[in-house]
Each structure stands twice: as C-alpha cells, then as structure tokens.
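Hi there,

Here is the structure I promised to pass on. Have a look first, and my notes follow below.

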Amino acid sequence: MFSLPPNLQTPAALHGASAFTTVRVQGGAALLWPEHWARLCGTCAVLGLPDPASELPALPPGLHLLRVTVTDDGTFHSVRPLNPGPRPASGVSVVLTDWQTHPQLAAHKTGNYLPYRLAGAQAQAAGAFEGWLTDAGGFLTDGSRTSPVLEIAGELVQPAGGLPGTTRSLWLAGQPHTERPVHVSELPQVTRAWICGAGVGVVPVSELNGRALPVHWPAVTHPALGWPE
C-alpha cells in the first residue's frame with residue numbers, strides 16, 4: 001500500500017469537485033470558446049467554484065483538443081493532439097449502456113465523470129463507437145462523449161436531461177426541432193440519429209442497438225460541425 005501523494009489529497013482529486021470543458025482547436029483557434037466558457041461559468045456557479053478564466057493561452061496550429069479545468073485552486077488547461085482517424089463515411093454504431101447520469105449533475109461537466117467513462121468502456125467492449133446513458137426513469141439523457149440527436153416521426157428531437165452540448169446547439173440552431181424527454185421504449189421508432197461533439201463534429205449513426213439506420217451526413221459550413229481532418 002502506498003501513501004496518498006499530497007497533490008491527490010484535494011476535493012478535486014478525491015471527490016471530483018471540479019468543472020471542465022473540452023474544446024476543439026483548429027488553426028490555432030479554440031472553436032466555440034465563448035459558448036464553452038459560458039457553460040463552464042454556469043457549472044462553476046452550481047459547484048461553488050471560482051469563475052473560470054476567460055483568456056486562453058497561445059494555442060498550437062493544427063488539430064488539438066483543449067481541456068479547461070476549474071478547481072478551488074483556479075483555472076488550468078491542457079492540450080493534446082486530435083487524431084480521430086479517417087472520416088467514417090458509413091456512419092458509426094451506438095449502443096444503449098447500463099449506466100445512468102447523475103440526477104443533479106447531468107447538465108454539467110464535472111470531475112464526477114465515472115458513469116461516462118464506464119459507458120464508453122461498455123460501448124467499446126461491444127464494438128460500438130459511442131454508448132448512451134439514461135436516467136433512473138429509463139429516459140435517454142446523454143452519450144459517453146457526445147450529445148445525441150434523434151429523428152422520430154419526421155421530427156428532430158433533442159433528448160432532455162443531459163449536458164447542453166455546444167456542438168449540438170450550433171447544429172440545431174435555426175432548424176425546427178423539439179427538446180423533450182425520450183424514453184428508451186421510443187428508440188425503435190428512431191428513423192435517423194446523429195451524435196455531436198467537439199472531437200467529432202456532427203456524425204450520423206448507422207446502427208443503433210444492432211438496428212441499421214439510414215446514414216445522412218448533414219451539409220455544414222462551420223468548422224466545429226465537420227469531422228476533424
């Protein structure tokens with residue numbers, strides 16, 4: 001047994017008392033940073049953390065993911081290369097996992113992130129690109145690393161109850177859509193689906209829980225909505 005290092009004896013390390021956001025960096029610019037920062041401010045207010053710094057450091061050229069983390073000690077950043085591989089022209093597969101989002105924290109990105117990691121691991125074990133989580137009532141809330149959009153009865157539907165994803169919000173802006181609770185019993189009625197996230201843009205789902213879906217790549221112009229390449 002090892003002695004716990006002092007740097008791990010903090011609320012952030014022991015209890016997940018931190019807030020974060022992940023931002024795509026492209027051409028030296030942090031895409032959608034004002035939207036990410038505004039959401040981060042809201043989470044910090046809920047958790048009683050200091051306001052996040054708004055000024056970013058100098059960012060490298062090329063494709064990267066910037067993570068901005070806020071703890072009791074201030075705002076910190078880290079940058080890593082973004083290498084998602086070739087664009088999945090035929091879409092990606094998604095499975096519904098056994099994991100649930102936190103009933104009070106589902107709308108926030110916090111250091112209390114274990115359910116999402118476990119959902120991602122379950123999806124990977126199933127050979128899927130993404131895994132979706134539910135709440136205790138069986139309503140779809142979020143993805144392990146992306147935000148879902150569904151087409152049901154010809155209508156675009158944003159499942160209620162999860163993180164307000166910045167990439168998804170940008171894509172749905174100006175499009176007719178509904179935000180409402182979606183029970184898992186409705187998933188067989190989904191005719192098309194997409195996942196949205198900073199690291200992938202907007203990507204069509206080709207298979208949902210083993211059921212094939214038609215693939216439609218939306219025409220996009222904003223770099224945050226495209227596959228990073």
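Threonine 69 sits in strand β3, which spans residues 63–71 (strands are DSSP runs of E, at least two residues, and helices are runs of H or I, at least four, numbered from the N terminus). Because its relative accessibility is 16%, threonine 69 counts as buried (under 20% relative accessible area, with a 1.4 Å probe and protein chains only). Beyond its neighbours within four places in sequence, threonine 69 is in contact with Ser18, Ala19, Phe20, Gly74, Thr75 and Phe76; contact means heavy atoms within 4.5 Å.

A word on the source: this is a predicted model, where local features need pLDDT of at least 70 and side-chain atom pairs count only at pLDDT 80 or more, while totals for chains, interfaces and linings use all residues. Residues are numbered from 1 along each chain as its sequence is written, and side-chain values use heavy atoms, leaving out hydrogens and water.

Now to the interior. The largest nonpolar core (buried Ala, Val, Leu, Ile, Met, Phe, Trp, Tyr and Cys residues joined through side-chain atoms within 4.5 Å) has 19 residues, and Trp132, Leu150, Val190 and Leu208 touch the most other members. Two or more residues of this core come from each of β5 (92–100), β8 (147–152), β12 (190–197) and β13 (201–208). A second, separate core holds 12 residues, including Ala19, Ala30, Leu40 and Val70.

As for the whole chain, there are 4 helices and 14 strands, and 46% of the 229 residues count as buried. The C-alpha atoms fill a box of roughly 50 × 40 × 35 Å along the principal axes.

Enjoy exploring!

Note on methods. Buried < 20%, exposed > 50% of the residue type's maximum accessible area, 1.4 Å probe, protein only.
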